[in-house]
Amino acid sequence: MEQNTSNINDSSSNVLQRRKQYHELLDRGHDLALRTQSEDAISIFQGVLSILKQTDSLHQGITQQKMENASEMSMNVQIVKMGHDLVGAALQKSESSQFCDEELTAAINSIIGDSGTQLQWQNIGTHGIKAFRMAKHSPCMLGHFEFQPVPVERSVKERRRRQRQELGVARKPEAVTTLRKEEADARKLQGILEQLKEIYKNRGSPIPYLLLITDPGDYMNTIDTAFQLSFLIRDGAVALENVNNVLCVRPTTDIEKKQNKRNDDNVQAVLSLNVSKCKDAIKQYRLEKPILTIDRDLPGGS
């Protein structure tokens, strides 16, 4: 059993190492793409050849281990396609900017000769006269006509009297209901945060996420708790972290809150949650009731 576990760990380490190497090759390819307009084609070809050799060696490593990983195969194909595009761009630049003085001189000498005498100048004049012939033309067959301009009609806009807007029926402002709902939601979130701080203080360590949100008696309450917790995570009051490959939750420190205020980047996370995972969490943590007490009957609640 220990040997199988060791083999699985070694295999996972190899996969992560290969993916890291694939990403490094993609970065090198992007760097080559930026240099195609400034460097010669030979250096671009050498860079592409080096990238493809390393890609081939990584692909052979996957084949030897008999692993079927769609993401690795996709990155392999992407790097090969990127190499093809780089070679095409380098060739196009090389062909469009290449000019050979020797070929031009040989073409001129084949037409007018290379004697360097007066006869050569006469040949140049003869070819020049042939090139500057008068263009063929034909007289206009439409006949004479007199130009009569058509006057442009300008439309006069009709002035309209401004109509006064009629006042509608008086209504009760909706802001009152909205403020009450926001206050109720704020009280609910504050209660969840205070309970979380107390649980974290008693445990002395981060709390597993599934343990915190799971309600063994009601799956919809579990969904609602996860929904409420997402607002605390968004506002920076709660932090998510991995502890021994387990997603855990803990209150943020004052330093982390200041950093979150300075950082305006939006961070999104996706978590898959279903009934099966909730049942597994109930068995794993031996839950008989939820560890968070939430008043779900507050006005404006979910």
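What follows is a walk through the fold, the sheet, the nonpolar cores and the salt bridges of this predicted model.

Start with the overall layout. The chain carries 10 helices and 3 strands, and going along the sequence these come in the pattern α-α-α-α-α-α-β-α-α-β-β-α-α. Of the 302 residues in the chain, 22% are buried. The accessible surface adds up to about 24900 Å², and carbon and sulfur atoms account for 53% of that area. As for how the chain folds back on itself, take the contacts with a separation of 6 or more: 71% of them join residues 24 or more positions apart.

One of the helices, α4, spans residues 101–112. Its 12 residues reach 17 Å from the first C-alpha to the last, which is close to the 16 Å expected at 1.5 Å a residue. Right after α4 comes G113, with a positive phi near 85°.

Now for the strands. The 3 of them make an open sheet, ordered β1-β3-β2, with antiparallel pairing. β1 (207–208) and β2 (238–243) sit at the edges, each pairing on one side only. Between β2 and β3 (residues 246–251), the antiparallel pairing runs over 6 bridges. One bridge pair here is A239 with R250, the latter in β3.

Next, the nonpolar cores. In soluble globular proteins, nonpolar side chains tend to be buried together. The largest nonpolar core in this model has 19 residues, and the members that touch the most others are L212, L229, L232 and V249. Helices α6 (175–203), α7 (209–213) and α8 (219–234) each put in at least two residues, with α6 giving the most, at 5 residues. V249 shows what the packing looks like from inside this core. Setting aside neighbours within four places in sequence, V249 is in contact with L196, P206, I207, Y209, L212, L229, V238, A239 and L240. There is also a second, separate core, this one of 14 residues, including L25, L26, V48 and I79.

That leaves the charged side chains. Side chains of opposite charge can pair when their charged atoms come close. Across the whole structure, 4 salt bridges turn up. One of them joins R234 and D235, with the closest N and O atoms 3.1 Å apart, and both R234 and D235 are exposed.

R250 is the busier case. Besides bridging to A239 in the sheet, R250 forms a salt bridge with E241, where the closest N and O atoms are 3.2 Å apart. The side chain of R250 also meets that of E256 in a salt bridge, at 2.8 Å from N to O. Together, E241, R250 and E256 are linked in a network of salt bridges. How exposed are these three residues? R250 has a relative accessible area of 14%, so it counts as buried, the cut-off being under 20%. E241, at 27% relative accessibility, is partly exposed, and E256 is partly exposed too, with a relative accessible area of 23%. The network therefore links a buried arginine, R250, to two partly exposed glutamates, E241 and E256. In the R234 and D235 pair, by contrast, both partners are exposed.

Terms used
Residues are numbered from 1 along each chain as its sequence is written. This is a predicted model: local features need pLDDT of at least 70, side-chain atom pairs count only at pLDDT 80 or more; totals for chains, interfaces and linings use all residues. Side-chain values use heavy atoms; hydrogens and water are left out. A nonpolar core is a set of buried Ala, Val, Leu, Ile, Met, Phe, Trp, Tyr and Cys residues joined through side-chain atoms within 4.5 Å. Buried means under 20% relative accessible area, exposed over 50%, partly exposed in between (1.4 Å probe, protein chains only). Helices (H or I, at least four residues) and strands (E, at least two) are DSSP runs, numbered from the N terminus. Contact means heavy atoms within 4.5 Å. The expected span of a helix is 1.5 Å times one less than its number of residues. Accessible areas come from the Shrake-Rupley method with a 1.4 Å probe; for residues, only the protein chains shown count as cover. Two strands pair if DSSP finds at least two bridges between them.
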